[in-house]
Amino acid sequence: MDFQEVPIFFLAVGLVIIVLLVLVIVFLYRNKNKLHRKLEMQEIGMKKIQENLQTLLDGTTAEIKEREFELLNRLISALEYRDIETANHITRMANYSRLIAKYLFPVDSPMASLIFLAAALHDIGKIGISDKILSKPEKLDEEEFNQMKRHTLIGYDILKDSSSEVIQIAAVIALTHHERYDGSGYPRGLKGDEIPIAGRIIAVADYFDALMSKRVYKDAWSVEKVLEALKECSGTIFDPVCLEAFFKSLDEVLKIKDKFPDMRKSIDRDIEIEDELANNEIILTEKLNRKINPHTKD
């Protein structure tokens with residue numbers, strides 16, 4: 001090769017290399033754009049899938065809430081069928097329980113709504129107790145009282161192991177609403193914070209309404225007499241913190257008492273339950289047991 005031809009050779013080789021590099025760059029750039037467009041299409045597709053899944057989830061959640069509403073109404077109807085006085089007792093004490101819970105849980109907690117919905121089933125175990133005992137006008141003897149106490153266990157057996165958060169809390173309430181803060185209650189003799197907070201709340205609401213109402217075995221007490229009895233039982237029958245929350249809600253409590261008098265079947269309970277299911281998230285953000293039975297100070 002002539003020395004004069006060397007620069008021309010290297011120039012030609014350089015041009016070829018540059019052309020090849022340009023071709024490679026163009027090829028890579030075009031493939032990069034194709035990959036980018038492909039990724040964009042995949043992202044759009046994933047967003048559509050997520051939107052479809054969310055739509056499906058929303059529909060499923062609505063269906064679950066509707067089924068919970070139907071289940072609650074059917075169970076409540078079973079209770080009302082046994083005892084016409086039960087209807088407004090349920091409505092009143094469920095509302096009282098919600099007022100207490102609102103003082104004990106954060107504003108954004110669903111527990112007040114959950115307890116309101118679950119409270120209606122606190123005495124469902126009485127379905128398994130004979131009418132002879134339930135309607136007896138005299139004081140129950142020891143054997144009859146032992147039979148009556150079984151309604152807590154029967155109620156728990158009916159409601160336990162449900163996947164519904166409302167029914168899970170209702171099972172806890174059914175089992176523990178006759179426990180006493182000093183440990184003298186039943187069926188387990190739990191004491192203080194051993195009693196789930198839902199059971200402690202219902203105990204106050206149920207006791208107040210029971211004393212305020214006329215029954216086959218007793219006359220209704222005056223408001224003043226009932227409130228005095230509640231105060232005397234602070235720390236023995238009732239959790240003082242739950243009782244304090246009750247008294248803070250007293251004005252609203254008395255309005256509810258007047259709104260739902262005895263011996264008139266309530267037509268508002270269904271609407272109230274439906275509103276709770278429609279307007280509140282019935283989903284617990286922490287483990288259910290932690291929320292059902294938190295430390296009172298939380």
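Helix 7 and helix 8 cross with a right-handed sense. They belong to a predicted model of a protein chain that has 12 helices and 0 strands. This briefing covers the chain as a whole, then three helix pairs, then two residues from the pairing of helix 7 with helix 8.

**The chain as a whole**

- Along the sequence, the elements follow the pattern α-α-α-α-α-α-α-α-α-α-α-α.
- The protein chain has 298 residues, and 41% of them are buried.
- Its accessible surface is about 17,800 Å², and carbon and sulfur atoms make up 58% of that surface.
- Among contacts with a separation of 6 or more, 69% join residues that are 24 or more positions apart.

**Helix 7 with helix 8**

- Two packed helices are described by the angle between their axes and the distance between the axes.
- For helix 7 and helix 8, the angle is about 145° and the axes are 10 Å apart.
- Helix 7 brings Tyr207, Phe208, Leu211 and Met212 to this contact, and helix 8 brings Val223, Val226, Leu227, Ala229 and Leu230.
- By class, these residues are 9 nonpolar, with no polar and no charged ones.

**Helix 8 with helix 9**

- Helix 8 spans residues 223-232 and helix 9 spans residues 240-248; their axes come within 10 Å and cross at roughly 155°.
- Helix 8 is therefore roughly antiparallel to helix 9, because angles over 145 degrees count as roughly antiparallel.
- The crossing of helix 8 and helix 9 is left-handed.
- On the helix 8 side, Leu227, Leu230 and Lys231 take part, and they meet Leu243, Phe246 and Phe247 of helix 9.
- This contact divides into 5 nonpolar residues, no polar residues and 1 charged residue.

**Helix 5 with helix 6**

- The axes of helix 5 (residues 142-159) and helix 6 (residues 165-176) come within 7 Å, and the crossing angle is roughly 165°.
- That angle makes helix 5 roughly antiparallel to helix 6.
- The crossing of helix 5 and helix 6 is left-handed.
- Thr152, Leu153, Gly155, Tyr156 and Leu159 in helix 5 face contacts with Ile167, Ala170, Ala171, Ala174 and Leu175 in helix 6.
- The residues of this contact comprise 8 nonpolar, 2 polar and no charged.

**Leucine 211**

- Leucine 211 is part of helix 7, which covers residues 197-212.
- Its relative accessibility is 10%, so leucine 211 counts as buried, the cut-off being under 20%.
- Beyond residues up to four places away in sequence, leucine 211 touches Lys218, Asp219, Ala220, Trp221, Val226 and Ala229.
- Two of these names, Val226 and Ala229, also appear among the helix 8 residues that meet helix 7.
- Leucine 211 and serine 222 are 11 residues apart along the chain, and their C-alpha atoms are separated by 8.5 Å.

**Valine 226**

- Valine 226 lies in helix 8.
- Valine 226 counts as buried because its relative accessibility is 0%.
- Apart from neighbours within four places in sequence, valine 226 is in contact with Phe208, Leu211, Met212 and Trp221.
- Phe208, Leu211 and Met212 are also listed among the helix 7 residues that meet helix 8.
- Valine 226 is 17 residues from aspartate 209 in sequence, and the C-alpha to C-alpha distance between them is 9.1 Å.

Note on methods. Residues are numbered from 1 along each chain as its sequence is written. This is a predicted model: local features need pLDDT of at least 70, side-chain atom pairs count only at pLDDT 80 or more; totals for chains, interfaces and linings use all residues. Side-chain values use heavy atoms; hydrogens and water are left out. Axes are lines fitted to C-alpha atoms, for helices over the stretch in contact, and angles run from 0 to 180 degrees between N-to-C directions. Helices (H or I, at least four residues) and strands (E, at least two) are DSSP runs, numbered from the N terminus. Angles under 35 degrees count as roughly parallel, over 145 as roughly antiparallel, 65 to 115 as roughly perpendicular and the rest as oblique. A crossing is left-handed if the near helix is turned anticlockwise from the far one by less than a right angle, and right-handed if clockwise. Contact means heavy atoms within 4.5 Å. Ala, Val, Leu, Ile, Met, Phe, Trp, Tyr, Cys and Pro count as nonpolar, Asp, Glu, Lys and Arg as charged, and the others, Gly among them, as polar. Buried means under 20% relative accessible area, exposed over 50%, partly exposed in between (1.4 Å probe, protein chains only). Accessible areas come from the Shrake-Rupley method with a 1.4 Å probe; for residues, only the protein chains shown count as cover.
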